[in-house]
Structures are given as C-alpha cells and as structure tokens.
Amino acid sequence: MNDVKKAGARRDKPETRDEIWSDERVKDFLNIQPPKNMPADYAVLLKAYRSMTPELFARFIPFFVEAGRDLDARFENMTILGIVSGHRRSGDYVRVLEEAGAKK
C-alpha cells in the first residue's frame with residue numbers, strides 16, 4: 001500500500017507499508033559499511049533500528065547474534081540499547097535487545 005506522506009512544505013516520496021521482507025533482505029543489513037570512526041556492529045544495529053519495524057528488528061537480531069556480532073558495541077560511549085531506550089516509542093525495540101542480552 002502506498003500513501004503519499006506529507007510533512008513540512010511537501011514530501012515527494014511515497015510511504016510504503018505492508019512490504020514483505022525476505023530473510024535475505026533482513027540479513028543484508030549485516031553487510032552495511034560503517035561511517036568513518038564508527039564501529040561496524042554499532043552502525044549495523046543503528047541502521048537496522050532506524051530502518052525496520054519492531055517485527056523486522058526482532059527477526060534481524062538473532063541473525064546478528066548468530067553472526068557473532070556485538071550487541072553492546074559502543075560509539076561515543078553509548079550502546080544501541082542506551083540510545084534506543086531514550087526514545088519515546090522504542091519499547092518493542094528495547095525488549096528485543098534486552099531479550100537478546102544487550103546491556104546499556
């Protein structure tokens with residue numbers, strides 16, 4: 001379902017909902033390259049959090065852990081759980097991270 005999402009003066013990108021993500025697409029986030037000076041595991045988690053619904057994020061985290069990645073990777077002395085915990089509507093993401101063993 002595509003709806004035109006408007007904010008500010010005007011937005012041109014249609015919002016996509018109910019999109020189906022294959023396991024391969026979810027796993028592709030493991031290949032994200034970090035910005036300069038950012039730990040790779042932190043960058044991957046941040047991009048997944050920003051790009052995925054809570055349900056997709058819950059599917060992604062086991063792949064992340066199985067790949068031997070670090071849920072507690074830090075950037076500027078913060079973990080993803082620490083960052084996510086400060087956001088109003090992040091409860092489902094926090095739960096997924098905590099259940100996987102992430103620490104603040």
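**Exercises on the packing of helices α2 and α3**

Helices α2 and α3 pack at an angle of about 165°, with their axes 10 Å apart. The structure is a predicted model.

**Exercise 1.** Determine whether α2 is roughly parallel or antiparallel to α3, and state the handedness of their crossing.

*Solution.* Two packed helices are described by the angle between their axes and the distance between the axes. Here the angle is about 165°. Angles over 145 degrees count as roughly antiparallel, and therefore α2 is roughly antiparallel to α3. The crossing of the two helices is right-handed.

**Exercise 2.** Identify the residues that make the contact between α2 and α3, and divide them into nonpolar, polar and charged.

*Solution.* On the side of α2, the contact is made by Asp41, Val44, Leu45, Ala48 and Tyr49. On the side of α3, Phe57, Phe60, Ile61 and Phe64 take part. Sorted by type, these residues give eight nonpolar, no polar and one charged. Aspartates count as charged, so the charged residue is Asp41 of α2.

**Exercise 3.** Check the end-to-end span of each helix against the value expected at 1.5 Å a residue.

*Solution.* Take α2 to begin with. Its 12 residues should span 16 Å, and the C-alpha atoms at its ends are 16 Å apart, which agrees. Next, take α3, which covers residues 54-66. Its 13 residues should span 18 Å; the end C-alpha atoms lie 19 Å apart, and this also agrees.

**Exercise 4.** List the buried residues of each helix and name elements that cover them.

*Solution.* In α2, the buried residues are Asp41, Tyr42, Ala43, Val44, Leu45, Leu46, Ala48 and Tyr49. Their cover includes α3, α4 (80-85) and α5. In α3, Leu56, Phe57, Phe60, Ile61, Phe63 and Phe64 are buried. The elements covering these residues include α1 (23-27), α2 (40-51) and α5 (91-99). An α-helix has 3.6 residues a turn, so residues three or four places apart point the same way.

**Exercise 5.** Explain why alanine 48 counts as buried, and describe which residues it touches.

*Solution.* Alanine 48 lies in helix α2. The cut-off for buried is under 20% relative accessible area; alanine 48 has 0% relative accessibility and therefore counts as buried. Leaving aside residues up to four places away in sequence, alanine 48 touches Phe29, Phe57 and Phe60. Of these, Phe57 and Phe60 belong to the α3 side of the helix contact. Phenylalanine 29 is 19 residues from alanine 48 along the chain, yet their C-alpha atoms are separated by 6.7 Å.

Key:
Residues numbered from 1 in each chain as written. Predicted model: local features only at pLDDT ≥ 70, side-chain atom pairs only at ≥ 80, totals over all residues. Heavy atoms only, no water. Helix = DSSP H or I, 4+ residues; strand = E, 2+ residues; numbered from the N terminus. Expected span 1.5 Å × (residues − 1). Buried < 20%, exposed > 50% of the residue type's maximum accessible area, 1.4 Å probe, protein only. Contact = heavy atoms within 4.5 Å. Axes fitted to C-alpha atoms, helices over the stretch in contact; angles between N-to-C directions. Parallel < 35°, antiparallel > 145°, perpendicular 65-115°, else oblique. Left-handed = near helix turned anticlockwise from the far one by under 90°.
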